[in-house]
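Q: Could you take a close look at one part of this model for me, the place where its early segments pack against one another? I would like one connected account, with a word on how far the prediction can be trusted there.

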Amino acid sequence: MKNKSEDLQEYIALCKKGDRRAQNWVFQIFFGKMTSVCRRYISDNDEAQDVVQTGFIKVFKNIEKYHGDGSFEGWIRRIMSNTAIDYIRQNKKIFVSLDATEYDWLAEQENEEAKWNITLQNETERVMEEIQNLSPAYRLVFNMYVIEDYTHNEIAEILGISVGTSKSNLSKAKKNLLKNLVKLKEY
């Protein structure tokens with residue numbers, strides 16, 4: 001009896017041969033998770049759905065490049081997050097370009113980080129909802145850094161912003177999330 005991993009490997013091999021049924025199977029298996037990935041970046045559901053569709057086109061167009069060196073889901077997730085980032089850039093979603101020296105976010109970083117970790121552990125679901133309420137620039141940097149594990153240098157390079165702006169936007173995103181979560185708790 002085959003396990004899910006063996007089934008997945010067979011479907012990946014069939015997708016590499018252009019088998020439409022195998023592509024549909026992969027699409028159905030990963031659609032929900034990848035929609036969640038794109039929704040973290042794009043708050044409009046219709047736009048996020050378009051990005052998911054575009055992402056899957058890229059997945060099947062480039063599936064030959066997947067050699068099994070990591071999880072297939074992780075490989076798809078990276079394509080989806082990059083597709084969402086590209087969409088935001090192409091549609092000129094506003095990026096806040098700030099001089100990080102104007103903000104005293106470094107001094108507050110350590111205390112804020114401790115509060116943030118406690119909040120994140122206790123309020124994961126509410127945090128995910130509140131992420132959607134962040135400005136596009138803050139949400140993008142937050143997702144890339146916290147969820148997708150990009151470094152500030154990588155974020156700066158990908159988005160064409162400074163490292164300081166990336167750090168500042170992350171800090172402000174965390175502050176806004178904490179503030180909104182505290183308000184929700186008070187009700």
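A: Happy to. One term first: pLDDT is the predictor's confidence in each residue, on a scale from 0 to 100. What you have in front of you is a predicted model, and its mean pLDDT is 81, with 76% of the residues scoring at least 70. Among the elements, α3 has the highest mean value, 94, while helix α5 (residues 105–122) has the lowest, 54. Residues 96–107 fall below 50, although this stretch still has 19 contacts in the model beyond near neighbours in sequence.

Now the setting. The protein has nine helices and zero strands, and reading along the sequence gives α-α-α-α-α-α-α-α-α. Of its 187 residues, 40% count as buried. Of the contacts with a separation of 6 or more, 69% join residues 24 or more positions apart.

The part you asked about is built from α2, α3 and α4, so let us take the pairs in turn. Helices α2 and α3 pack with their axes 9 Å apart, at an angle of about 135 degrees. The pair is therefore oblique, and the crossing is right-handed. On the α2 side the contact uses Gln23, Val26, Phe27, Phe30, Phe31, Met34, Thr35, Cys38 and Arg39; on the α3 side it uses Asn45, Ala48, Gln49, Val51, Val52, Gln53, Phe56 and Phe60. By class, the α2–α3 contact is made of 11 nonpolar, five polar and one charged residue.

The α3 residue Phe60 also takes part in a long-range pairing: its C-alpha atom lies 9.9 Å from that of arginine 20, although 40 residues separate the two along the chain. Arginine 20 belongs to helix α2 and counts as exposed, at 67% relative accessibility.

Next comes α3 with α4. The axes of α3 (residues 45–61) and α4 (residues 72–90) come within 9 Å and cross at roughly 125 degrees. These two helices are therefore oblique to each other as well, again with a right-handed crossing. From α3 come Glu47, Val51, Val52, Thr54, Gly55, Phe56, Lys58 and Val59, and they meet Trp75, Ile76, Ile79, Met80, Thr83, Ala84, Asp86 and Tyr87 of α4. This contact divides into 10 nonpolar, three polar and three charged residues. Val51, Val52 and Phe56 serve α3 in both of its contacts described so far, the one with α2 and the one with α4.

The third pair closes the set. Helix α2 (residues 20–41) and α4 have axes that come within 9 Å and cross at roughly 45 degrees. That makes α2 oblique to α4, and this crossing too is right-handed. Val26, Phe30, Lys33, Met34, Val37, Cys38, Arg40 and Tyr41 of α2 face Phe72, Glu73, Ile76, Arg77, Met80, Ser81, Ala84, Ile85 and Ile88 of α4. The classes here are 12 nonpolar, one polar and four charged residues. Residues are shared again: Val26, Phe30, Met34 and Cys38 of α2 touch both α3 and α4, and Ile76, Met80 and Ala84 of α4 touch both α2 and α3.

A residue from further along the chain joins this picture. Glutamate 148 sits in the loop between α7 (136–147) and α8 (152–159). With a relative accessible area of 7%, glutamate 148 is buried, because the cut-off for that class is under 20%. Apart from neighbours within four places in sequence, glutamate 148 contacts Val37, Arg40, Tyr41, Arg77, Arg78, Ser81 and Asn143. Several of these belong to the α2–α4 contact: Val37, Arg40 and Tyr41 on α2, and Arg77 and Ser81 on α4.

The residue after it makes a contrast. Aspartate 149 lies in that α7–α8 loop too, yet it counts as exposed, at 60% relative accessibility. Aspartate 149 also has a positive phi of about 65 degrees, although it is not a glycine.

One last stop, outside the three-helix part: asparagine 133 is in the loop between α6 (124–131) and α7. Asparagine 133 is exposed, at 54% relative accessibility, and its C-alpha lies 8.6 Å from that of leucine 177, which is 44 residues away in sequence.

Notes:
Residues numbered from 1 in each chain as written. Predicted model: local features only at pLDDT ≥ 70, side-chain atom pairs only at ≥ 80, totals over all residues. Heavy atoms only, no water. Axes fitted to C-alpha atoms, helices over the stretch in contact; angles between N-to-C directions. Helix = DSSP H or I, 4+ residues; strand = E, 2+ residues; numbered from the N terminus. Parallel < 35°, antiparallel > 145°, perpendicular 65-115°, else oblique. Left-handed = near helix turned anticlockwise from the far one by under 90°. Contact = heavy atoms within 4.5 Å. Nonpolar A, V, L, I, M, F, W, Y, C, P; charged D, E, K, R; others polar. Buried < 20%, exposed > 50% of the residue type's maximum accessible area, 1.4 Å probe, protein only.
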